Amino acid sequence: MSTPFLWHNGQIKPWAEASVHVSTHALHYGSSVFEGERVYATPRGPAYFRLGEHTRRLFESARVYEIDIGYSEDEINAACVDVIRANQMPSAYVRPIVFRGAGGLGVLAKRDDPVDVAIIALHWGAYLGDAAERGADVCVSSWQRPAPNTIPGWAKAGGNYLNSQLIGLEARRNGYDEGIALGHNGLLSEGAGENLFLVKRGKLLTPPSSAGILAGITRDAVITLAADLGIAVEERDLPREALYSADEVFMTGTAVEITPVRSVDRKAIGAGTPGPITQQLRQAFFGLFDGRTEDRWNWLSLVNAVVPDREDQEPAIHRRTPQQQPASMEASA
Ligand SMILES: Cc1ncc(COP(=O)(O)O)c(C=O)c1O
């Protein structure tokens, strides 16, 4: 699973050399924020999909938890490019992560406690295996999304994924590919790691960004592509039964890309095969990477394009010294 190099605290390093101390704050309290990004092999070489938007969301997530990343958005973008170049990858799944490091065991990290930043790139195929082609079998989970004002869904934080794990574990145990969660109000929210779309009489329906969801970047791309294709999109509250009467259902996310859903709670959706609008959107989406869909939104950034002014910048390396000293035992919880 590993690749030869990753980026850690300002430096490209061999994979095995990036380690953290067991007292790392994020390990105890979930205090990490991260992104999942994809690099696609295009006719013009490897290209990030919406790198700037992912980096922006990383910074917004960090802001919610008052984590100082210590690098600029441009530096993180450049580091993401460097990881792909260092590993000479034609395509990749990329995971930038920012986490409170080893500084002490108090729940509230101190202002000068270390923050680690790492970027890992992996060779990753379809997240849900062949479900991407045949259509996924999903269930509505007995676990709900956190209520508003509990754990903020817009921030992509490590701790959020305990909820996703419960949803996913239950789904897999019961023989499903994935689980869909309802929100605190019993209305549709999203999958364990993906946003949700329904097709009803030719129109796309999706829960609003206030439905306890992560405001997905693929979700936004699908809404944009749908508008471009003349498909109406409505973001609105949806009850659970809307799933069972939908003509088509699909999930979106960096990992699952656009994955059709062929059944929910063992009830077939439509004809039980990926529907025409889902297929149309998949073609438009994947066309971005083989050139069939014109990238009118500048969503792609080429890894091997010359990055201007990099030499003029203060080098990003050693801006923050990784601290691996033993933690002081001042645990408050
Ligand atoms: C809980 C959750 N919802 C939705 C998404 C989809 O977001 P995006 O399209 O930005 O990858 C993800 C994936 O990051 C996720 O983890």
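## Exercises on strands, domains and cores

In this predicted model, Val39 stands opposite Tyr48 in strand E5. Let's start from that pair and work outwards.

**Exercise 1.** Find out in which sense E4 and E5 pair, and over how many bridges.

*Solution.* Begin with where the two strands lie. Strand E4 covers residues 37-42, and strand E5 covers residues 45-49. Next, look at how they run: E4 and E5 pair in the antiparallel sense, over 4 bridges. Finally, check the link. With 2 residues between them, E4 and E5 form a hairpin.

**Exercise 2.** Work out which other strand E5 is joined to, and which residue there is the bridge partner of Phe49.

*Solution.* Follow E5 to strand E17, residues 300-302; 3 bridges join the two, and they run antiparallel. Now pick out Phe49: its bridge partner in E17 is Leu300.

**Exercise 3.** Decide whether E5 is mostly covered or mostly open.

*Solution.* Count a residue as buried if 20 or more other C-beta atoms lie within 10 Å of its own. By this count, 4 of the 5 residues of E5 are buried, so the strand is mostly covered. Then see where two of its residues end up: Ala47 and Phe49 are included in a nonpolar core of 35 residues, along with Ala26 and Leu58. This fits a general pattern: in soluble globular proteins, nonpolar side chains tend to be buried together.

**Exercise 4.** Describe the largest nonpolar core and the surroundings of Val249.

*Solution.* Start with the size: this core has 41 residues. Val138, Leu198, Val222, Val249 and Val261 have the most contacts inside it. Its largest share, 5 residues, comes from helix H6, residues 217-228. Now zoom in on Val249. Leaving aside residues up to four places away in sequence, Val249 touches Leu198, Leu243, Val261, Val264 and Ile269. The core of 35 residues from Exercise 3 is separate from this one.

**Exercise 5.** Describe how the two domains meet, and what the side of domain 1 that touches domain 2 is made of.

*Solution.* First, set the bounds: domain 1 spans 5-125 + 303-312, and domain 2 spans 131-290. Their C-alpha centres lie 26 Å apart. The contact takes 19 residues from domain 1 and 11 from domain 2. On the domain 1 side, strand E3 (32-34), strand E4 and helix H2 (51-64) each supply at least two residues. H2 gives the largest share, 5 residues. Last, sort this side by residue type: 7 are nonpolar, 6 polar and 6 charged.

Conventions:
Residues numbered from 1 in each chain as written. Predicted model: local features only at pLDDT ≥ 70, side-chain atom pairs only at ≥ 80, totals over all residues. Domains from an automatic or database assignment. Contact = placed C-beta atoms within 7 Å. Nonpolar A, V, L, I, M, F, W, Y, C, P; charged D, E, K, R; others polar. Buried ≥ 20, exposed ≤ 12 C-beta atoms within 10 Å, placed from the backbone. Pairing = 2+ DSSP bridges. Core = buried A, V, L, I, M, F, W, Y, C linked by C-beta atoms within 7 Å.
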